[in-house]
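Good morning, colleagues. I would ask you to keep the sequence and the structure in view while I speak.

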Amino acid sequence: MTLKSPPLQGLHGAALRALVVEDEPNLADVLVRMLTFDGWQAEKAADGTTAIRLAREFRPDVVVLDVTLPDISGLDVLKRLREENPSVSVLFLTAKDSLEDRIAGITAGGDDYVTKPFSFQEVSARLRGLVRRAGLTRADGMDGLRVGDLTMDEEAREVRRHDTLIDLTATEFELLRLLMRNPRVVLSKAQILDRVWSYDFGGGGHVVELYISYLRRKIDSGRAPMIHTVRGIGYVLKPASNDIAASASDAGPAT
């Protein structure tokens, strides 16, 4: 028996919006029907130009984006979408399954990557992970997190280092939240993949390394470092060495 996922609800109770950009009509129709059944408000576009226009009108929360489109590259579509809506989450859907293609998609700014053929259960689970990481579903009521001079307001989706506001993507935010909920705990790449991406991404540790580097540029650049590599094991977040007032007790709950 297939278990049906719990209904999706946005922060204000409205259905979340998904835009499917896929040039195979049958596949696009199936995805839209299944997403609608799963609780989404879904629209479709068969090419990049239509996708950009629909994104302005429909304002999707997530985009399922084929990399190979008849008019514009999916990577170029992603760039245009992010210029107009930097917070939109994007799941690449493509027949290209090489490691290089996966890394290229993520490096270009995609939040996740699924290759054809795929199961709808996998697409649904990954999309749910994206909206959860983006803070688009109802908040779980957890308090804010603090590690040293780094603070996170989970409900407001705000991160600050000392008094400086730090702008993070949805995936960067979820990765940092995992680290902050486990201060001074060394997390392996496999643990991070499981908790942040929900599935084995296929790019493995390369994706984790990429996003750790993104976080370091935003969190540690020009400051005493907080994110550390434990060679051969993984990564750990701890108060900066010059933050003598920080302690494990004020660092938030471990999970």
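**Salt bridges and the strand they surround**

I begin with a salt bridge between the side chains of D112 and R126, whose N to O distance is 2.8 Å. D112 belongs to strand β5 and R126 to helix α5, so this pair ties together parts that lie 14 residues apart in sequence. Please note that the model is predicted, and that the values I quote are computed from it.

Are these two residues buried or exposed? D112 has a relative accessibility of 1% and therefore counts as buried. R126 is buried as well, with a relative accessible area of 4%.

Let me turn to a second pair. R82 forms a salt bridge with D111, and their closest N and O atoms are 2.8 Å apart. This contact links distant parts of the chain, for R82 sits in helix α3 and D111 in the loop between α4 (99-107) and β5, 29 residues apart. D111 counts as buried, at 3% relative accessibility.

The third pair is K116 and D66, which form a salt bridge with the closest N and O atoms 3.3 Å apart. K116 lies in the loop between β5 and α5 (120-133), while D66 is in strand β3, so the pair ties together parts that are 50 residues apart in sequence. Both K116 and D66 are buried. These two residues also belong to a network of salt bridges that includes E22 and E24. In total, the structure holds 16 salt bridges.

I now move to the strands. With which strands does β4 pair? Strand β3, residues 62-66, pairs with β4 in the parallel sense over five bridges. Within that pairing, V64 stands opposite L91 of β4. Between β3 and β4 the chain passes through helix α3, residues 74-84, and this β-α-β crossover is right-handed. Strand β5, residues 112-115, also runs parallel to β4, and four bridges join the two. Here the bridge partner of L93 is V114 in β5.

Why may we describe β4 as largely enclosed by the rest of the structure? The strand spans residues 89-94, and six of its six residues are buried, which is the reason for that description. The burial applies to both faces: S89, L91 and L93 are buried on one side, and V90, F92 and T94 on the other.

To close, I would draw your attention once more to β5: this strand is joined to β4 by four bridges, and its residue D112 meets R126 in a salt bridge.

Key
Residues numbered from 1 in each chain as written. Predicted model: local features only at pLDDT ≥ 70, side-chain atom pairs only at ≥ 80, totals over all residues. Heavy atoms only, no water. Buried < 20%, exposed > 50% of the residue type's maximum accessible area, 1.4 Å probe, protein only. Pairing = 2+ DSSP bridges. Right-handed = clockwise from strand over helix to strand, strands pointing away. Salt bridge = Lys/Arg side-chain N within 4 Å of Asp/Glu carboxyl O.
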